[in-house]
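Please open the structure in your viewer and keep a selection tool at hand. The tour proceeds from one selection to the next and states what is found at each stop.

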Amino acid sequence: MNIDNCLPFIDRFARMNAVSTALLRGLLAITLLLLLIAQLFAIPATATEWAQRVPELAWLRVPGIVISAAFILCVQAVMVCLWRMLGFIRADGPFSARALGYITVIIGAIVVADLLIVLALVLLAAGNAANPSVMLLGCCGVVVGAALALLVGVLRQLLRKALELQHDLSEVV
């Protein structure tokens, strides 16, 4: 097979990649904006409304706002890291040592978010404020968060190994 035959495919893939990256960045920007609006307006308003409806649980208002805002901040940190890593597609290619730092931040954000879910569950249980379904969903969230952190950790190790192999290959060539 001649390399000249592959050039149209490579050009088409590069254009698709640029379009996909632009679309993904647009979606990330919209989601970040919506999460910021939720953080600043929706969560405090909802917490205040619930505190007025159920006065015996009003003490959960401030911890609920703080935990929810911190959880959203973790999600936003992951999204910013993904935004930055999208830039590696054009600049450094898929294998970049700089990506390891961003992946470490992503793992940390997932772990912190998981701990925030645990804290929320403890507060809800202490206040007898949640039915068993909410507690079950929270426990599922903790398990999914732990699995996600482990999965991203494994992918980080695979990237590290690929970087080592790439380095070794560049020395040979």
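Select Ile110 together with Gly145, Leu148, Ala149 and Val152: Ile110 touches these four residues once residues up to four places away in sequence are set aside. The model is a predicted one, and the contacts listed here are read from its atoms as heavy atoms within 4.5 Å.

Next, colour helix H4, which spans residues 97-126 and contains Ile110. Is Ile110 buried or exposed? Ile110 counts as buried because its relative accessibility is 10%, and the limit for that class is under 20%. Now add Phe71 to the selection and draw a distance between the C-alpha atoms of Ile110 and Phe71; it should read 9.2 Å, for residues 39 positions apart along the chain.

Move to helix H2, residues 61-86, and select Gln76 within it. Gln76 has a relative accessibility of 10% and therefore counts as buried. Which residues does Gln76 touch, not counting those up to four places away in sequence? They are Leu32, Leu35, Leu36 and Gln39. Display the side chains of Gln76 and Gln39 in particular, since a polar contact of 3.1 Å joins them.

The following stop is helix H1, residues 3-53, where Arg53 and Glu49 should be selected. Their side chains meet in a salt bridge, with a nitrogen-to-oxygen distance of 2.4 Å. The two residues are 4 positions apart in this helix, so about one helical turn separates them. As to accessibility, Arg53 is exposed because its relative accessible area is 53%, whereas Glu49, at 38%, counts as partly exposed. How many salt bridges does the count give? The count comes to 1 salt bridge.

Finally, clear the selections and show the protein chain as a cartoon. Its secondary structure comprises 5 helices and 0 strands, and the pattern along the sequence reads α-α-α-α-α. Switch to a surface representation: the chain exposes about 11,500 Å², and carbon and sulfur atoms supply 75% of that area. Of the 173 residues in the chain, 26% are buried; Ile110 and Gln76 are among the buried residues. A contact map may serve as the last view. Among contacts in the chain with a separation of 6 or more, 75% link residues 24 or more positions apart.

Terms used: Residues are numbered from 1 along each chain as its sequence is written. This is a predicted model: local features need pLDDT of at least 70, side-chain atom pairs count only at pLDDT 80 or more; totals for chains, interfaces and linings use all residues. Side-chain values use heavy atoms; hydrogens and water are left out. Buried means under 20% relative accessible area, exposed over 50%, partly exposed in between (1.4 Å probe, protein chains only). A polar contact is a pair of N or O atoms within 3.5 Å; within protein, one must be able to donate a hydrogen and the other to accept it, and residues adjacent in sequence count only if both atoms are side-chain atoms. Accessible areas come from the Shrake-Rupley method with a 1.4 Å probe; for residues, only the protein chains shown count as cover. A salt bridge is a side-chain nitrogen of Lys or Arg within 4 Å of a carboxyl oxygen of Asp or Glu.
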